[in-house]
Amino acid sequence: MAVASKRDFSISYGLQTDKTGSSTGNTLFVDQVNDRVAVGLNNPSEKFEVSGNIKLSDDNILKFGTNNNLQIYYDGTLDKTIIDDSSDELKIQSDGNISFTKGTTENLAVFEVDGAVKLYYDGIEIAQGTFSD
């Protein structure tokens, strides 16, 4: 089998690229000239870009970083898990308050911007702390 150049490329199962190195249509778009792939759009600005939701079945892991330092997965039970196995820190950034909740209504902890930190047990506030000069 001969190796195809970037401009003479096709993939079996019906996906073909034109002579410019781009696929026709936007279900799966291959930009061979810039080494980019897109799903649901036809002008990717990154190596891989998706327009729409991404669904992983149970027990699959999203891995980030060269050494897979951040892993996010769902194990098929009600336990949603985020694992940070690096020796560094896990940061959650927000310009607003940050809340940890059970379901959609029961607070576990609330961190207010420039304000109080509130801890809850069984939906009842049990501790609150603020800082003052």
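Two strands count as paired if DSSP finds at least two bridges between them. Keep that in mind while you look around this structure, which is a predicted model. Two things are worth your time here: a small sheet built from three strands, and a nonpolar patch that sits on the surface.

**The three-strand sheet**

- Start with β1 and β2 (residues 36-39): they run antiparallel, and four bridges join them.
- If you want a spot to zoom in on, find V30, which stands opposite V37 in β2.
- Step back and you'll see an open sheet in the order β1-β2-β3, with mixed pairing.
- Its edge strands are β1 (28-31) and β3 (48-50), and each of them pairs on one side only.
- On average, neighbouring strands of this sheet are turned by 15 degrees against each other, if you ignore direction.

**The nonpolar surface patch**

- Now hop over to the patch, formed by I92, F100, L108, F111, V117, L119, Y121, I124 and I126.
- Together, these residues have about 870 Å² of accessible area.
- Which strands each supply at least two residues of the patch? They are β8 (106-111), β9 (117-121) and β10 (124-129).
- The largest share comes from β9, which brings three residues.

**A closer look at F111**

- F111, one of the patch residues, lies in strand β8.
- Why does F111 count as partly exposed? Because its relative accessibility is 32%, and partly exposed covers what lies between buried (under 20%) and exposed (over 50%).

Conventions. Residues numbered from 1 in each chain as written. Predicted model: local features only at pLDDT ≥ 70, side-chain atom pairs only at ≥ 80, totals over all residues. Heavy atoms only, no water. Patch = residues over 30% accessible without salt bridge, like charges linked within 9 Å, V, L, I, M, F, W, Y side chains within 5 Å. Areas by Shrake-Rupley, 256 points an atom, 1.4 Å probe, with all protein chains shown as cover. Salt bridge = Lys/Arg side-chain N within 4 Å of Asp/Glu carboxyl O. Buried < 20%, exposed > 50% of the residue type's maximum accessible area, 1.4 Å probe, protein only. Axes fitted to C-alpha atoms, helices over the stretch in contact; angles between N-to-C directions.
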